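Biologist: I have just opened this one and would like a walk through it. Could you take me along slowly?

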Amino acid sequence: MHSDSDNVIRAETRAQGLRIKRNNLVAALLSGLTLVFISVKFVAPSRAGFLFGLLVGFVYANGFEYCLHRFLLHCGQGLFSHQHMVHHNDI
């Protein structure tokens, strides 16, 4: 069984993780909306263009996340890598 101090640490760590996820969501939304506004400003909106933009954005975002996770966070060196490995060790 976990002690009370372990439970407090786990709760604080979970709360910090949720704050980071919230901040990442806000940053992703703001950057995505910025790209939408720029594209609408310079290119006439169309249904095909919108669907193409969604497809390109989906592929780009997933590719970026994969490369970030695979090559930066699992390289074994650096602050990001060490903190990320805590995510894999958490039970």
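Modeller: Let us begin at Leu-35, a residue that lies in helix α1, where helices (H or I, at least four residues) and strands (E, at least two) are DSSP runs numbered from the N terminus. Before going on, note that this is a predicted model, in which local features need pLDDT of at least 70 and side-chain atom pairs count only at pLDDT 80 or more, while totals for chains, interfaces and linings use all residues. Residues are numbered from 1 along each chain as its sequence is written, and side-chain values use heavy atoms, with hydrogens and water left out.

Biologist: Is Leu-35 buried or exposed?

Modeller: Leu-35 counts as exposed because its relative accessibility is 59%, given that buried means under 20% relative accessible area, exposed over 50% and partly exposed in between, with a 1.4 Å probe and protein chains only. Its C-alpha atom is separated by 9.9 Å from that of Gly-53, which is 18 residues apart from Leu-35 along the chain.

Biologist: And how much of the chain is buried?

Modeller: Buried residues make up 3% of the 91 residues in the protein chain.

Biologist: What does the fold consist of, then?

Modeller: The protein chain has 3 helices and 0 strands, and from the N terminus on its elements run α-α-α.

Biologist: What about overall dimensions?

Modeller: The C-alpha atoms fill a box of roughly 60 × 25 × 20 Å, taken along the principal axes. The radius of gyration of the protein chain is 19 Å, whereas a compact globule of 91 residues would have one near 12 Å; that radius is taken over C-alpha atoms, and the globule rule is 2.2 Å times the number of residues to the power 0.38.

Biologist: Changing topic, which aromatic pair should I look at?

Modeller: The count comes to 2 aromatic pairs, where rings of Phe, Tyr and Trp (its six-membered ring) pair if their centres lie within 6.5 Å, and planes under 30 degrees apart count as stacked, over 60 as edge-to-face and the rest as tilted. One of them joins Tyr-66 and Phe-71, edge-to-face, at 6.4 Å centre to centre and with 90° between the planes. Phe-71 is itself exposed, since its relative accessible area is 53%.

Biologist: Where is confidence lowest?

Modeller: Confidence is lowest in α3, at a mean pLDDT of 72, and highest in α1, at 86; pLDDT is the predictor's confidence in each residue, from 0 to 100. The protein chain averages 82, and 93% of the residues score at least 70. Where pLDDT is low, the predicted coordinates should not be read in detail.
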